[in-house]
Amino acid sequence: MIVLGALVAFFPAAQACRAATPEVMAWCDALEKRLKSVDARFCQQQNLHPDKRRSVGGHPLMMLDAAPAKSASARRPVRILLIGGLHGDELTSVSIVFRWLRFLDEPLSRAHHWRIAPLANPDGLFARPPKRMNGNGVDLNRNFPTPDWAQNALPYWQRRTQKDPRRFPGNKAMSEPETQWLCAEIDAFKPDVIISVHAPYGVLDYDGAAPPPPHRLGRLNLNQLGVYPGSLGNFGGIFRDIPVVTIELTNATTMPSPEEQRRIWNDMLGWIQERLVHPESGPGH
Ligand SMILES: [Zn+2]
């Protein structure tokens, strides 16, 4: 016991190296089986926590927290919520978030406070074949509680999408545990920016009045796609006044090159540094 106590005292940051719970171990193993790009051991070393809710299909809803060390800066860190896999058949949107986790230890990344949901729609990803929707057949990116939801979401789905089952918004806003979970995270964490990764449109979308959007991340150019009832961009960017950067990778099943993965990340951090880190702001800003 004396030896253990000494070790804990000597490594105050040992929390990050603690053993993963059986639930995290199993989730990471399942993810490695589904996506060959994910390394289960690396996944198990991350600071992942399951929400009290589960997906409709019973999968854990995992969030990673990476806060800067208290002494890192006098400034209030920028809070970033990064979301992959809101659509379960966009496999690269999960894989690239796991690649980016390897960059979290770099100085520019470490200055920020991250909450990361690498896989927001586990039902969709673990389905065979993977599907866009969750276990209830709901497009989660149409289920966020935007003020126009009650009036517009179902009519939009019926008339504009001809009842496309891939775009069903649910029977009411925030009917799904996955959207309840993400909304609760937004309320609790109060992110300064939300970054949501999708595929395969090969563009960059942006919702929010300020700051000015990034014009280019890697090879992805800004091309604002429009606003949909119940989308995360509409909810965060327009209703909650939290800028939402939507990264649409070019392919849902083939990853961008390692160089392009790195360029998108660097450009994203460059934009955050330029637009969201305020040198004049002190603690408590
Ligand atoms: Zn998508």
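On the exposed side of helix α2 in this predicted model, the residues to look at are P22 and K33. Both of them are exposed. The helix itself runs over residues 22–34, which is 13 residues. From first C-alpha to last, α2 reaches 18 Å, close to the 18 Å expected at 1.5 Å a residue.

Now the other face. Which residues of α2 are buried? They are V24, W27, C28, L31 and R34. These five cover an arc of only 120° around the axis, so they sit on the same side of α2. P22 and K33 are on the other side.

What do the buried residues of α2 pack against? There are helices and strands among the partners: α3 (40–44), β1 (48–54), β2 (60–66), α4 (91–101) and α6 (122–126).

Let me follow one of those partners, α4. This helix is mostly covered, with ten of its eleven residues buried. The buried ones are L91, T92, S93, V94, S95, I96, V97, F98, W100 and L101.

Take T92, which lies in α4. Why does T92 count as buried? Because its relative accessibility is 2%, and the cut-off for buried is under 20%. Leaving aside neighbours within four places in sequence, T92 is in contact with A199, L249, N251, A252, T253, T254 and M255.

Next, α4 and helix α10, residues 258–275. Their axes come within 10 Å and cross at roughly 70°. That crossing makes α4 roughly perpendicular to α10, because angles of 65 to 115 degrees are put in that class. The crossing of α4 past α10 is right-handed. From α4, the contact is made by I96, R99 and W100. From α10, Q261, I264, W265 and M268 take part. Of the α4 residues in this contact, I96 and W100 are also on the list of buried residues.

One last residue, away from the α4 discussion: N234, in helix α9, residues 232–239. Is N234 buried or exposed? With a relative accessible area of 5%, N234 is buried. Not counting residues up to four places away in sequence, N234 touches T146, D148, D207, V227, Y228, P229 and F239.

To recap the α2 part: V24, W27, C28, L31 and R34 are buried, and α4 is one of the elements they pack against. For α4, the other item to keep is the right-handed crossing with α10.

How values were computed. Residues numbered from 1 in each chain as written. Predicted model: local features only at pLDDT ≥ 70, side-chain atom pairs only at ≥ 80, totals over all residues. Heavy atoms only, no water. Helix = DSSP H or I, 4+ residues; strand = E, 2+ residues; numbered from the N terminus. Expected span 1.5 Å × (residues − 1). Buried < 20%, exposed > 50% of the residue type's maximum accessible area, 1.4 Å probe, protein only. Arc of directions from axis to C-beta. Contact = heavy atoms within 4.5 Å. Axes fitted to C-alpha atoms, helices over the stretch in contact; angles between N-to-C directions. Parallel < 35°, antiparallel > 145°, perpendicular 65-115°, else oblique. Left-handed = near helix turned anticlockwise from the far one by under 90°.
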